[in-house]
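Open the model in your viewer and keep the selection box handy. We will go from one side chain to the helices around it.

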Amino acid sequence: PEEALRAARAAQSHVGRARALATDSAVRRERDLLIGEALAIRGTADAVLAAHRVHAQAVAAAKKATGDRFEREEAELKRTLGIGEGARIPPAARAQLRELAENQKRRTTRAQRDELDRAMIDLLSFYRDVLTVQLGAGVDLVNQDFDEGIRAVAAESDPGQSVRRMDAIAQARTRLGGNVAPLLVLEAMMVALRPQG
């Protein structure tokens, strides 16, 4: 029950995310690394490097989630088209295989953006906790595992800066929905998370 409650808080009302956090140690470790990245940002160079690491992790997670399925889809289409293993692809079938590859590319992009969006939601919850501490709201922290880091960030910044950080994350989520390079969006967001002063 304790682990389920911790996962539910961290998931911000997303049932699938709560299930993953409660049952998959790799998901918890990725989340811990992400928040650790935010805590380690001290300057622009740290922010850019953190953005690259978060982006690489999202790309790897998306490939892991889609890779085997895409290979099965291609094999199934070739089988349906009567193309044997290692056989030459007839011109009439190339368009269908090309269309499948384009659809897979779109789904991979979507999976990467979904991974990044989940990361941004985790960061939003972290800075929500920082703001909660700064305002003395007296409510339970979402990210209780990071109590010490939350209090340290709260002490070295002010509520205005926390709101600006949260706005930068929200803006990055909006930009990610457009036709922009995800890495550039991440870099801009991470730079906005730097301590000011």
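Start by selecting Arg 165: it is buried (under 20% relative accessible area with a 1.4 Å probe, protein chains only), yet it has no salt bridge (a side-chain nitrogen of Lys or Arg within 4 Å of a carboxyl oxygen of Asp or Glu). The nearest side chain of opposite charge (Lys and Arg positive, Asp and Glu negative; His and chain ends not counted) is Glu 156, 5.1 Å away.

A word on what you are viewing: this is a predicted model, where local features need pLDDT of at least 70 and side-chain atom pairs pLDDT 80 or more, while totals for chains, interfaces and linings use all residues. Residues are numbered from 1 along each chain as its sequence is written, and side-chain values use heavy atoms, without hydrogens and water.

Which backbone oxygen does the side chain of Arg 165 reach? That of Arg 194, at 3.4 Å. Now show the contacts of Arg 165 (heavy atoms within 4.5 Å): leaving aside residues up to four places away in sequence, they include Tyr 127, Val 153 and Pro 195.

Next, select helix 6, residues 147-156 (helices are DSSP runs of H or I, at least four residues, numbered from the N terminus). Its buried residues are Gly 149, Ile 150, Val 153 and Ala 154. They line one face of the helix, because they fall within an arc of 135 degrees seen down its axis (directions from the axis to the C-beta atoms). Helix 3, helix 5 and helix 7 are among what covers them. Turn to the other side of helix 6 to find Glu 148 and Ala 155 exposed (over 50%).

How values were computed. A polar contact is a pair of N or O atoms within 3.5 Å; within protein, one must be able to donate a hydrogen and the other to accept it, and residues adjacent in sequence count only if both atoms are side-chain atoms. Helices (H or I, at least four residues) and strands (E, at least two) are DSSP runs, numbered from the N terminus.
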